[in-house]
Amino acid sequence: MSEPARAVKLSCRNLWKIYGPQAASYGATGKLPAGERAEIRQQLQATNHLAAVIDASFDVHVGEIFVIMGLSGSGKSTLVRCLSRLVEPTSGEVLLDGDDLLKATAPQLIELRRRAMGMVFQNFGLLPHLTVLDNEAFPREMIELVGLHGRERSFPHQLSGGQQQRVGIARSLAVGPALWFLDEPFSALDPLIRRQMQDEFLRLQRMLHKTIVFITHDILEAFRLADRIAIMREGEVIQIGRPADIVLNPADGYVAEFTEDVPLMRIISAGDLVRAGHIAAKANGHFADHVPESTKLEDLVPRLAAGAAGFAVDGEDGRPMGGFEAAAVFDVLSRDRQRRKGR
Ligand SMILES: Nc1ncnc2c1ncn2[C@@H]1O[C@H](COP(=O)(O)OP(=O)(O)OP(=O)(O)O)[C@@H](O)[C@H]1O
Ligand SMILES: [Mg+2]
């Protein structure tokens, strides 16, 4: 089944960022290093250059959470800074709502940053002398939204870490721009609070439908939050896909290894199974049990245990997508086990 075409908010084409003494000349002359990636890196290294981003091309769709994931030093921050032009790309194109961001003048850029894009770097950076109300600087409904009603007059030091983070998130996503760049916003939090923040973030996003580029080096966070994920390695985007696509069809051994701890049962949904053409043979309506396409396999298992023979899957628009038998779920379960055994 083909994906419906989605409106594009932001895209980059053949984006490069080279650091080093003559980095600018690579862009100016249009002579980018060519050949195998390993060769390119070697060539550059020999002249004290480093390619932090190598030939990146992708679209970010309106209203999606697009996660960029990769190990430390893989180029995530550089890439996201190129997308917002906080860092000047060496070469390539960045299109924001179809307009070439790299052609924007300095005053236009300031205006764009003020109105069209928001940025959040590590830990949201609350201003310590402002109260919740001032820090958020947005309507009262937003305070209700993040569950801080009654704490409007509190200063950051009077709030718990988690509460502070909630102020930060709400402040960021509230009435501001439709496009957000978040660079490892939760990385300094302990696991429980981090999970709560992820839930909060998803809850807000379901109401606000922002377009979000979210950076993380935490694979489980990536898979929890993402509509789509781009995986980076040494400056290169090596795979882009929905979480289920990536775990079911990793582009190479690196991605497979990188994602082997991701629990398939929590990532793969009923809709993914139908899309993967997993056993859609049965006529729709054959199964009494209907589930929305977003239902995760872990939520189907208890229903199978309770006697369901399979499921008819309803699309987001309410229309029937197809169906599958219990065996399709067990197939994924056994794959998960195989992956772990292979380690
Ligand atoms: N201003 C700079 N000058 C030279 N090299 C840089 C500069 N900024 C980043 N780099 C290099 O570019 C590469 C990518 O760095 P970047 O900060 O984008 O990685 P990252 O994926 O965000 O890592 P982390 O997860 O640690 O934040 C690294 O090798 C880094 O040392
Ligand atoms: Mg970084």
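These legends walk you through several close-up views of a predicted model.

A few ground rules first. Residues are numbered from 1 along each chain as its sequence is written, while chains are lettered from A and ligands numbered from 1 in the order in which they are written. Since this is a predicted model, local features need pLDDT of at least 70 and side-chain atom pairs count only at pLDDT 80 or more, but totals for chains, interfaces and linings use all residues.

**Figure 1. The whole protein chain, before we zoom in.**
The protein chain has 15 helices and 13 strands. Helices (H or I, at least four residues) and strands (E, at least two) are DSSP runs, numbered from the N terminus. Out of 343 residues, 36% count as buried. Here "buried" means that 20 or more other C-beta atoms lie within 10 Å of the residue's own; with 12 or fewer it is exposed, and in between it is partly exposed, with C-beta atoms placed from the backbone. Two residues are in contact if their C-beta atoms, placed from the backbone, lie within 7 Å. Among contacts between residues at least 6 apart in sequence, 69% join residues at least 24 apart.

**Figure 2. Helix H3, residues 76–83, and how it is covered.**
Is helix H3 enclosed or uncovered? Eight of its eight residues are buried, so H3 is largely enclosed by the rest of the structure. If you want to tick them off, they are Lys-76, Ser-77, Thr-78, Leu-79, Val-80, Arg-81, Cys-82 and Leu-83. After H3 comes Arg-85, with a positive phi near 60°. Now compare helix H2 (residues 37–46): it is hardly covered, with one buried residue among its ten. After H2 you meet Asn-48, whose phi is positive, near 65°.

**Figure 3. Cys-82, a close look inside H3.**
Cys-82 sits in helix H3 and counts as buried because it has 25 C-beta neighbours inside 10 Å. Setting aside residues up to four places away in sequence, Cys-82 touches Leu-15, Lys-17, Val-53, Val-87, Pro-89 and Val-94. Cys-82 and Leu-102 are 20 residues apart in sequence, and their C-alpha atoms are 9.4 Å apart in space.

**Figure 4. The shell around ligand 1.**
Which residues surround ligand 1? They are Tyr-19, Leu-50, Ala-52, Gly-70, Ser-72, Gly-73, Ser-74, Gly-75, Lys-76, Ser-77, Thr-78 and His-217. To make this list, a residue's C-beta atom, placed from the backbone, must lie within 6 Å of the molecule. Strand S2 (50–61) and H3 each supply at least two residues of the shell, and the largest share, three residues, comes from H3. Sorted by class, the shell has three nonpolar, eight polar and one charged residues. In this sorting, Ala, Val, Leu, Ile, Met, Phe, Trp, Tyr, Cys and Pro count as nonpolar, Asp, Glu, Lys and Arg as charged, and the others, Gly among them, as polar.

**Figure 5. The largest nonpolar core.**
A nonpolar core is a set of buried Ala, Val, Leu, Ile, Met, Phe, Trp, Tyr and Cys residues joined through C-beta atoms within 7 Å. The largest one has 71 residues, and Val-53, Val-67, Ile-68, Leu-83, Val-213, Phe-214 and Ile-229 touch the most other members. Strand S2 gives the largest share of this core, six residues. The core also draws at least three residues from each of domain 1 (8–116 + 177–262) and domain 2 (266–341), with bounds that come from an automatic or database domain assignment. Take Val-213: leaving out residues up to four places away in sequence, Val-213 touches Val-60, Phe-66, Ile-68, Val-80, Leu-83 and Phe-181.

**Figure 6. Two loop residues with positive phi, Glu-184 and His-209.**
Glu-184 is not a glycine, yet its phi is positive, about 50°. You'll find Glu-184 in the loop between strand S7 (179–183) and helix H8 (191–208), where it counts as partly exposed because it has 19 C-beta neighbours inside 10 Å. His-209 isn't a glycine either, and has a positive phi of about 50°. Its loop runs between H8 and strand S8 (211–216), and His-209 counts as exposed because it has 12 C-beta neighbours inside 10 Å.

**Figure 7. The hairpin of strands S12 and S13.**
Strand S12 (residues 310–314) and strand S13 (residues 320–325) pair in the antiparallel sense over five bridges; for strands to pair, DSSP must find at least two bridges between them. Asp-314 stands opposite Pro-320 in S13. Five residues lie between the strands, and Gly-318 in this hairpin takes a positive phi near 90°.
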